[in-house]
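The exercises below are to be worked with the sequence and the three-dimensional model at hand. Each task is followed by a solution in steps.

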Amino acid sequence: MQLPAIVVYPDGTRVLFHSPASFTAPLLVAVQRPAENDDPDAPPEMVEVEEAQTITHPPEAWTLWTPADWAAMCPDLIVRPVVDPGAPVVAGKRAVRQQVEAWDIGNDVATVTYALVDLTPAEIAAQAANLKAQVAAAVQRHLDAAVSERNYASAAAAVSYVGDPNPRWDAEGRAVLAWRSAVWTACFAALDAVLAGKRPPLTPKEMVAELPPLVWPE
């Protein structure tokens with residue numbers, strides 16, 4: 001059984017296991033009991049009845065049992081590996097991981113669920129600042145990496161060649177200058193749209209993928 005896993009008992013109790021550990025399970029066991037008899041002088045008669053008992057299973061069950069073993073040894077338990085899809089990202093909301101009792105128990109897996117709550121004004125401001133900082137850093141790395149193919153140390157270094165007596169360096173500097181302006185214009189327009197709730201949140205990688213390409217002069 002893949003871990004982490006969740007065990008759901010017949011009474012609805014849920015127990016989460018992150019590593020192999022012993023666990024209890026109800027099991028119907030056949031036992032011999034005296035039969036009811038209205039005649040006190042009659043010899044006792046034993047009958048077989050099923051009795052619910054609590055069995056403790058060893059930690060090794062998690063690694064050694066097959067699905068058939070689970071079905072045979074714990075027929076009244078629901079045992080599912082846990083899948084966490086990750087916290088959803090929604091503008092203006094904070095995802096809160098819910099308690100085990102609220103997770104979805106499917107036919108094959110148990111899925112972690114999240115509740116979305118409104119951000120406070122302070123959280124909104126912090127989220128916006130964090131997003132801007134992450135995106136700006138990613139875009140700057142993209143700018144510098146793109147010009148490195150022409151041996152410029154950074155976009156700023158390339159732009160510094162605008163007006164250089166060397167015609168090629170001057171042309172390349174002007175191309176980077178125009179491209180850098182277009183990149184930051186697109187970047188901040190996208191960020192403003194996200195923060196205004198006009199488009200879904202984006203990751204730094206997604207932002208870089210939307211940027212216009214650098215076209216070097218012939």
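**Exercise 1. Determine in which element Glu 172 is found, whether Glu 172 is buried or exposed, and with which residues Glu 172 is in contact.**

Solution. The model is a predicted one, and the values that follow are computed from it.
Step 1: Glu 172 belongs to helix H5.
Step 2: The relative accessible area of Glu 172 is 2%. Buried means under 20%, and Glu 172 is therefore buried.
Step 3: With neighbours within four places in sequence set aside, the contacts of Glu 172 are Arg 150, Tyr 152, Trp 216 and Pro 217.

**Exercise 2. Describe how H3 and H5 cross: state the angle, the direction and the handedness.**

Solution. Two packed helices are described by the angle between their axes and the distance between the axes.
Step 1: The axes of H3 and H5 come within 11 Å, and their crossing angle is roughly 160°.
Step 2: Angles over 145 degrees count as roughly antiparallel; H3 and H5 are therefore roughly antiparallel to each other.
Step 3: The H3 and H5 crossing is right-handed.
Step 4: On the H3 side, the residues making the contact include Leu 131, Val 135, Val 139, Leu 143 and Val 147. On the H5 side they include Val 176, Trp 179, Val 183, Cys 187 and Leu 191. Charged residues can be looked up in the same way: Lys 132 of H3 and Arg 180 of H5 are among the contact residues.

**Exercise 3. Identify the residues with the most contacts inside the largest nonpolar core, and the elements that give two or more residues to this core.**

Solution. In soluble globular proteins, nonpolar side chains tend to be buried together.
Step 1: The largest nonpolar core has 22 residues, and those with the most contacts inside it are Val 139, Val 147, Val 176, Trp 179 and Met 207.
Step 2: Two or more residues are given to this core by each of helix H3 (121-147), helix H4 (155-159) and helix H5 (167-195).
Step 3: H5 supplies the largest share, seven residues.
Step 4: Another core, of 13 residues, lies apart from this one; Ala 5, Tyr 9, Ala 25 and Ala 61 are among its members.
Step 5: For Met 207, the residues touched are Val 135, Val 139, Ala 186, Cys 187, Ala 190 and Leu 202, when residues up to four places away in sequence are not counted.

**Exercise 4. State how many disulfides the structure holds, and decide whether Cys 74 and Cys 187 are buried or exposed.**

Solution. Step 1: The structure holds zero disulfides.
Step 2: Cys 74 has a relative accessibility of 3% and so counts as buried.
Step 3: Cys 187 is likewise buried, because its relative accessible area is 0%.

**Exercise 5. Find what is notable in the backbone between Leu 3 and Pro 4 and at Asn 151.**

Solution. Most residues other than glycine have a negative phi, and most peptide bonds are trans.
Step 1: From Leu 3 to Pro 4 the peptide bond is cis, with omega near 5°. Pro 4 lies in the segment before S1.
Step 2: Asn 151 has a phi near 70°, a positive value in a residue other than glycine. Asn 151 is placed in the loop between H3 and H4.
Step 3: With a relative accessible area of 73%, Asn 151 is exposed, since exposed means over 50%.

**Exercise 6. Place Gly 12 and Ile 105 in the chain, and give the C-alpha distance from Gly 12 to Ile 78 and from Ile 105 to Pro 81.**

Solution. Step 1: Gly 12 sits in the loop between strand S1 (5-8) and strand S2 (14-17). Its relative accessibility is 41%, so Gly 12 counts as partly exposed.
Step 2: Gly 12 and Ile 78 are separated by 66 residues in sequence and by 9.8 Å, C-alpha to C-alpha.
Step 3: Ile 105 is in strand S7 (residues 104-105) and counts as partly exposed at 29% relative accessibility.
Step 4: Ile 105 and Pro 81 are 24 residues apart in sequence and 9.7 Å apart, C-alpha to C-alpha.
Step 5: Beyond its neighbours within four places in sequence, Ile 105 is in contact with Ile 6, Val 8, Arg 14, Ile 78, Arg 80 and Ala 110.

How values were computed. Residues numbered from 1 in each chain as written. Predicted model: local features only at pLDDT ≥ 70, side-chain atom pairs only at ≥ 80, totals over all residues. Heavy atoms only, no water. Helix = DSSP H or I, 4+ residues; strand = E, 2+ residues; numbered from the N terminus. Buried < 20%, exposed > 50% of the residue type's maximum accessible area, 1.4 Å probe, protein only. Core = buried A, V, L, I, M, F, W, Y, C linked by side-chain atoms within 4.5 Å. Contact = heavy atoms within 4.5 Å. Disulfide = S-S within 2.5 Å. Axes fitted to C-alpha atoms, helices over the stretch in contact; angles between N-to-C directions. Parallel < 35°, antiparallel > 145°, perpendicular 65-115°, else oblique. Left-handed = near helix turned anticlockwise from the far one by under 90°.
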